[in-house]
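Work through the exercises below with the coordinates open, and try each task before reading its solution.

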Amino acid sequence: MSDQAADKQWLRTAARLTFGNTASRIYLGLVLAVAAFVAVDTLFVSHEDASLAGVWLFFMAAPTVFVFLIGSSLASADAGGAAWFVHLALVLSVLAQAWALGWFSQLLRGPGTGRSAHPQGA
């Protein structure tokens with residue numbers, strides 16, 4: 001198998017584990033719902049004091065988001081200051097956790113147990 005074909009196969013497998021199973025889809029749907037709530041709360045709701053709605057995104061992305069933030073502070077970058085880095089850390093951690101959920105659900109099902117048109121084998 002050529003390197004290009006192997007790369008395509010690896011990319012398909014990673015995409016299937018991240019987006020192609022029920023557990024990952026439910027998790028990503030919950031994250032999108034929380035992100036929509038945070039966006040509406042930030043843009044359209046006035047608060048006398050600071051809103052803590054954004055904290056829910058960090059709860060949904062925990063614990064991997066904290067690994068990214070601690071890693072950036074250890075690399076002497078400003079972990080909490082640059083908004084682009086915080087957003088990138090959130091996206092990468094959510095994708096990493098969706099992949100991990102897909103991998104774990106595949107591990108629980110066992111190897112070679114895909115969906116079949118005839119579940120009883122008939």
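The exercises that follow concern one helix and its surroundings.

This is a predicted model, in which local features need pLDDT of at least 70, side-chain atom pairs count only at pLDDT 80 or more, and totals for chains, interfaces and linings use all residues. Residues are numbered from 1 along each chain as its sequence is written, and side-chain values use heavy atoms, with hydrogens and water left out.

**Exercise 1.** Compare the expected span of helix α5 (residues 83–109) with the separation of its end C-alpha atoms.

Solution. Helices are DSSP runs of H or I with at least four residues, numbered from the N terminus. The expected span is 1.5 Å times one less than the number of residues, so the 27 residues of α5 should cover 39 Å, and the end C-alpha atoms are indeed 39 Å apart, which agrees. Just after α5, Gly 110 takes a positive phi of about 100°.

**Exercise 2.** Determine whether Ser 105 is buried or exposed.

Solution. Ser 105 lies in helix α5. Buried means under 20% relative accessible area and exposed over 50%, with partly exposed in between (1.4 Å probe, protein chains only). Ser 105 has 16%, so this residue is buried. Other buried residues of α5 include Phe 85, Leu 90 and Val 94.

**Exercise 3.** Describe how the axes of α1 and α5 are arranged.

Solution. Axes are lines fitted to C-alpha atoms, for helices over the stretch in contact, with angles from 0 to 180 degrees between N-to-C directions. The two axes come within 6 Å and cross at roughly 90°. Since 65 to 115 degrees counts as roughly perpendicular, α1 is roughly perpendicular to α5. The contact (heavy atoms within 4.5 Å) involves, among others, Leu 17 and Phe 19 of α1 and Trp 99 and Trp 103 of α5.

Notes: Helix = DSSP H or I, 4+ residues; strand = E, 2+ residues; numbered from the N terminus. Parallel < 35°, antiparallel > 145°, perpendicular 65-115°, else oblique.
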